[in-house]
Every structure is written in C-alpha cells, then in structure tokens.
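Please look through the structure shown below together with its sequence, and then follow the account that leads from the whole chain to its helices and on to two loops.

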Amino acid sequence: MSAPRDLSVVTVIIPCLDEEEAIGAVVRDVLAVGVGEVIVVDNGSRDRTAERAAEAGARVVSEPQRGYGRACAAGLAGVGPGCGIVCFLDGDGSDVPAFIPAIVAPVAAGEADFVMGSRILGRREPGSMTPQQIVAGRIAGVLLRLAYGVRFTDMSPLRAMQRERLAALGMSETTYGWNLEMQMRAAGAGLRCREIAVDHRCRRGGVSKVSGNLRAGLAAAFKITSTFLRLARARRAVGAAPAGPASTLRNS
C-alpha cells in the first residue's frame, strides 16, 4: 500500500498528561509527514506540556478533567471542518510518526474503515512494552475474535478512521478503555478493520502513567476489562448476532 499523496485532510489527535519532555519533538515529527493539523489535548498537565506543544506548531485543546477517553473525545470534538480522517497517537514519543501515512492509506483509499498499528507485529525497542502490555493485547485479541470474529493483536494508540465514522460509533468510555471500545464498536458495526505492523520505541521522556506503576496498571486493567464486559453485555441484550460483515486484514 503506497502512502496517500495528500494528508492535508488528516488531523492527528494526541492526548497528553505531563509530557513536556517529549511532546515538542512528537508534534514536529507528526507535522513533518504532512498532516493538516495536530491537536494536542492537555489533560490537566502540571508541567509545560501545553506550552511546548503550541511552540512546536500544535493547536492545544484543554480537557482538565482527567481521563484518556475524555482527552480523545475532546480532541475529536475540536477538529476543524476540513478534517476527513482522524489519527491518534501518544505524546510520549513511543509511537513512530513516520508510520502515519501507512496507517492512513487504507482509509484514504476506501479499502478499510478502521486501521490500527500493531506494535506486536512490528519491531519494538527492548523495554518499550512491558510483558503485561503484550499479554493484555493478546488476551484482548482472543476476546474480540470470540465475540466479533475479528482478529487484533494489540490495543495500540496509533490508529486512524474517517471522522464521520468515528463520530457515529457512539464512543462513551472516558478512561483507558477508549481504545478497546473503539475496536469493539468498529467490529460490532461490521466495519472493515485492518492491522498494520508498526515500530515502537521507548518513551522519549517523562514517566509512564501506567507501566511501572502497579496501582495504575491494575486500575487500567480493570477499566479495560470492565469496558469489554459492559459492551459485550449490551450487545447480547439487543440480540446482536456475531459480526459476520466485519473483517480484519493484516499487513506486515
């Protein structure tokens, strides 16, 4: 898949909390691939994240109420009228912006509705993902295959979707379950889902809010699990059949 020639309709949303060390370089690297706009959502940072992001060329949206999903939703609500495709990635420098064109390409070409970068299928710097993250991605993949018949290997933050399709999914998760909810709702809606192998690096500064913090890690695991159970119960309650039209294509 060749990269799309025009990325001006792509808005990249970066939810951030206390990432002043990395965010400037991340924004500059994202803008360098030619996207139309970068929105950094400052999720209540106590450092100079917002200042550094603005200096690097991002438009900063404030969402003071903490929550990864809230930050993503605030970024989505703030996109401009010229945006046709939204892309998400983290602000700690661990995602590689050079893969954005490859993530966006199948959406822009009309070949997929939802595309996610798989860190599991790609090359990872030693220590860039904890064993718990790898296992969690595998478990989520098994559950999604059983519930929806789609195949995922990861819950990577690097992902892309048409703006209107994402807005129509009815996203509601406000914390770390946002990524899994997007995958579940996309699969449940019968959308064409694709995984593309992407590289992954160690964070470029700051401290992880989840990995390395047992309490935060357990809280994130609880939210992800509860998100899956909540959406699975809701799907059963309306008598939804297994998602036949949905599919997952995989590029390496």
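A residue is called buried here when its relative accessible area is under 20%, and exposed when that area is over 50%. The model is a predicted one, and by this criterion Gly-205 is buried, with a relative accessible area of 10%. We return to this glycine after a view of the whole protein.

The protein contains eight helices and eight strands, and buried residues make up 50% of its 252 residues. Among contacts with a separation of 6 or more, 77% are accounted for by residues 24 or more positions apart.

A good place to begin is helix α1, which spans residues 23-32 and in which Ile-23, Gly-24, Val-26, Val-27 and Val-30 are buried. Seen down the axis of α1, these buried residues fall within an arc of 165 degrees, and therefore they line one face of the helix. The cover over the buried residues of α1 includes β1, β2, α2 and α4, the last of these being residues 100-108. After α1 comes Gly-34, which has a positive phi near 100 degrees.

Helix α2, made up of residues 49-56, has Thr-49, Ala-53 and Ala-56 as its buried residues. These residues cover an arc of only 65 degrees around the axis, which puts them on the same side of α2. The spacing invites a general remark: an α-helix has 3.6 residues a turn, so residues three or four places apart point the same way. The buried residues of α2 pack against β1 (10-16), α1 (23-32), β2 (37-42) and β3 (59-62). As with the preceding helix, a glycine is found after the end, for α2 is followed by Gly-57, whose phi is positive, near 115 degrees.

How do these two helices meet? The axes of α1 and α2 are 8 Å apart and the helices pack at an angle of about 30 degrees, which makes α1 roughly parallel to α2, since angles under 35 degrees count as roughly parallel. Their crossing is right-handed, and the contact is made by Ile-23, Gly-24, Val-27, Arg-28 and Leu-31 on the α1 side and by Thr-49, Arg-52, Ala-53 and Ala-56 on the α2 side.

A further helix pair is formed by α5, residues 131-148, and α7, which pack at an angle of about 25 degrees with their axes 11 Å apart. That angle makes α5 roughly parallel to α7, and the crossing of α5 and α7 is right-handed. From α5 the contact draws on Ala-140, Leu-144 and Tyr-148, and from α7 on Leu-180, Gln-183, Met-184, Ala-187 and Gly-188.

The loops remain to be considered. Between α6 (163-168) and α7 (178-188) lies a loop that holds Glu-173, and this glutamate counts as buried because its relative accessibility is 7%. The side chain of Glu-173 makes a polar contact, at 2.6 Å, with the side chain of Thr-175.

Gly-205, introduced at the outset, lies in the loop between β7 (192-197) and α8 (214-237). What does Gly-205 contact, leaving aside its neighbours within four places in sequence? The residues in contact with Gly-205 are Glu-19, Glu-21, Ala-22 and Asp-92. Gly-205 and Gly-93, which are 112 residues apart in sequence, are 7.7 Å apart in space from C-alpha to C-alpha.

Definitions and conventions:
Residues numbered from 1 in each chain as written. Predicted model: local features only at pLDDT ≥ 70, side-chain atom pairs only at ≥ 80, totals over all residues. Heavy atoms only, no water. Buried < 20%, exposed > 50% of the residue type's maximum accessible area, 1.4 Å probe, protein only. Helix = DSSP H or I, 4+ residues; strand = E, 2+ residues; numbered from the N terminus. Arc of directions from axis to C-beta. Contact = heavy atoms within 4.5 Å. Polar contact = N/O pair within 3.5 Å; in protein donor to acceptor, adjacent residues only side chain to side chain. Axes fitted to C-alpha atoms, helices over the stretch in contact; angles between N-to-C directions. Parallel < 35°, antiparallel > 145°, perpendicular 65-115°, else oblique. Left-handed = near helix turned anticlockwise from the far one by under 90°.
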